[in-house]
Amino acid sequence: LVARDYTAYSPSLRTEVWGRSFKNPIGLAAGFDKNAEAMDAMLGIGFGFVEVGSITPEPQDGNARPRVFRIPEESAVINRIGCNSHGSVVVSERIQKFREDSGSGSSGLLGINIAKNRTSENAAGDYARACKLLADKADYVVINVSSPNTPGLRSLQAGRELAKIVSRTKQALSEAAPGVPLVVKIAPDLGPADKKQIARVVLRHGVDGMIVSNTTVSRPEPVASHPLGGEKGGLSGKPVREASTALIREMYELTGGRVPIVGCGGVSSGLDAYEKIRAGASLVQLYTGLIYQGPVLVPRIKTELAQLLARDGFESVEEAVGADTRVKKGAGFLKFW
């Protein structure tokens with residue numbers, strides 16, 4: 001058992017994104033609580049927000065076992081779990097009960113991550129269906145088009161396909177839960193043209209945010225030489241930290257700092273989180289670090305992050321966002337293509 005975190009942290013950690021107040025910018029990434037069964041417990045250990053899912057419209061099983069491979073020497077994990085989901089109806093009821101039980105005294109914010117069913121041929125329709133069932137219980141909704149473990153899913157990041165999904169989901173969102181932010185989660189394995197296409201879609205269609213990024217199919221050394229390095233699936237943890245931070249900076253610059261970014265990938269210290277914030281992330285998520293360091297990681301990251309902000313003269317997280325980029329706050333939209 002782990003005690004709830006009632007520590008009073010520095011006010012500098014409080015931040016506002018999408019008009020919502022986060023008590024701290026550290027969140028739990030999707031994939032840990034796929035079916036919304038541990039929301040209260042994870043908020044209780046000190047996360048400022050928790051993202052559940054991915055949740056598909058219909059129930060479906062994940063991929064065959066074995067499907068998770070730990071590489072402790074590199075603080076890394078390769079997984080090919082797939083979007084195993086209880087389905088939107090069941091999970092919606094579970095979240096509704098959580099909302100009713102916690103009321104206005106909930107200790108953090110809740111993101112809901114949605115995906116298409118594996119066998120569906122109507123991706124846009126799947127995202128819209130899931131959104132209609134779940135969005136009214138969310139503080140933000142995430143379109144997951146970047147898991148490497150659902151065949152064909154990453155192809156939906158292409159400009160026209162992504163635009164179609166965003167348009168249908170935004171329409172569903174306006175009907176089910178007007179005002180709830182819509183966020184897109186992207187892959188780290190993108191070429192220059194893909195990045196620019198995604199930035200254009202996000203800006204033109206009024207997407208509220210991006211999560212940068214999902215797991216990678218690449219295998220940097222020394223993971224590539226490890227006995228488990230050849231396993232198929234997405235790699236997460238420390239080996240993806242630098243690439244994730246670099247992509248955050250690039251997407252922040254491509255969107256001129258106009259679109260809030262949630263940085264994700266290899267976060268296991270306050271410094272890791274701080275680097276992502278300076279690269280352009282307004283919020284930061286983690287998952288694999290929790291596997292190796294346990295719940296004590298969350299308060300440690302918050303303490304370290306507050307110390308780093310103070311060291312560099314920032315009175316808030318917001319002041320530090322994008323500090324290491326070419327985008328200057330108040331300079332307006334800068335074009336980088």
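Guide: Let's start with a rule: two strands count as paired if DSSP finds at least two bridges between them. Also keep in mind that this model is predicted.

Visitor: What makes E3 and E4 a pair of strands?

Guide: Two bridges join E3 (residues 26-28) to E4 (residues 49-55). The rule asks for at least two bridges, so E3 and E4 pass. They run parallel, and Gly27 stands opposite Phe49 in E4.

Visitor: Which helices pack on the sheet, touching E4?

Guide: Helix H2 (residues 88-102) does, and it touches E4 and strand E7 (109-114). The direction of H2 makes about 180° with that of E7. Helix H3 (residues 123-134) packs on the sheet too, touching E4, E7 and strand E8 (140-144). For H3, the angle with the direction of E7 is about 155°.

Visitor: Which strands make up the closed barrel, and how do they pair?

Guide: Eight strands do, in the order E3-E4-E7-E8-E9-E10-E12-E13, with parallel pairing. From one strand to the next, the twist averages 25°.

Visitor: Now the other sheet. What makes E5 and E6 a pair?

Guide: It's the bridge count again. Four bridges link E5 to strand E6 (residues 76-79) in the antiparallel sense, and the rule asks for at least two, so E5 and E6 are paired. One of the bridges has Ile71 with Ala76 in E6 as its partner. The hairpin of E5 and E6 has four residues between the strands, and Ser75 there takes a positive phi near 50°.

Visitor: How do you know which strand pairs with E6 besides E5?

Guide: Count the bridges once more: four of them join E6 to E11, and these strands run antiparallel. Four meets the requirement of at least two, so E6 and E11 pair. Ala76 has Gly237 in E11 as a bridge partner.

Visitor: Why are E5 and E11 said to stand at the edges?

Guide: Look at the order of the open sheet, E5-E6-E11, with its three strands and antiparallel pairing. E5 and E11 (234-237) each have a single partner strand, so one side of each is left without a neighbour in the sheet. The twist there averages 20° from one strand to the next.

Visitor: Which side chains of E5 are buried, and which are not?

Guide: They alternate along the strand: Phe69 and Ile71 point to one face and are buried, while Val68 and Arg70 point to the other and are not.

Visitor: Gln60 is in a loop; why is it called buried or exposed?

Guide: Its relative accessible area is 11%. Buried means under 20%, so Gln60 is buried. Gln60 lies in the loop between E4 and strand E5 (68-71). Not counting residues up to four places away in sequence, Gln60 touches Cys83, Asn84, Ser85, Asn117 and Arg118.

Visitor: And what about Ser213: buried or exposed?

Guide: Ser213 has 4% relative accessibility. That is under the 20% cut-off, so Ser213 counts as buried too. You'll find Ser213 in the loop between strand E10 (209-212) and E11. Leaving aside its neighbours within four places in sequence, Ser213 has contacts that include Lys185, Pro188, Ser244 and Cys264.

Visitor: On to the helices. What makes H4 and H5 roughly parallel?

Guide: The axes of H4 (residues 159-176) and H5 (residues 192-204) come within 9 Å and cross at roughly 25°. Angles under 35 degrees count as roughly parallel, so H4 is roughly parallel to H5. Their crossing is right-handed. Gly159, Leu162, Ala163 and Val166 in H4 meet Gln197, Ile198 and Val201 in H5. By class, that contact has five nonpolar, two polar and no charged residues.

Visitor: How do you know what to call the arrangement of H6 and H7?

Guide: Use the angle again. H6 (residues 241-254) and H7 (residues 270-279) have axes that come within 8 Å and cross at roughly 20°. That angle is under 35 degrees, so H6 and H7 are roughly parallel to each other. H6 passes H7 in a right-handed crossing. The contact is made by Arg241, Ser244, Thr245, Ile248, Arg249 and Tyr252 of H6, together with Asp272, Glu275, Lys276 and Ala279 of H7. In terms of class, that contact has three nonpolar, two polar and five charged residues.

Key: Residues numbered from 1 in each chain as written. Predicted model: local features only at pLDDT ≥ 70, side-chain atom pairs only at ≥ 80, totals over all residues. Heavy atoms only, no water. Axes fitted to C-alpha atoms, helices over the stretch in contact; angles between N-to-C directions. Parallel < 35°, antiparallel > 145°, perpendicular 65-115°, else oblique. Left-handed = near helix turned anticlockwise from the far one by under 90°. Contact = heavy atoms within 4.5 Å. Nonpolar A, V, L, I, M, F, W, Y, C, P; charged D, E, K, R; others polar. Buried < 20%, exposed > 50% of the residue type's maximum accessible area, 1.4 Å probe, protein only.
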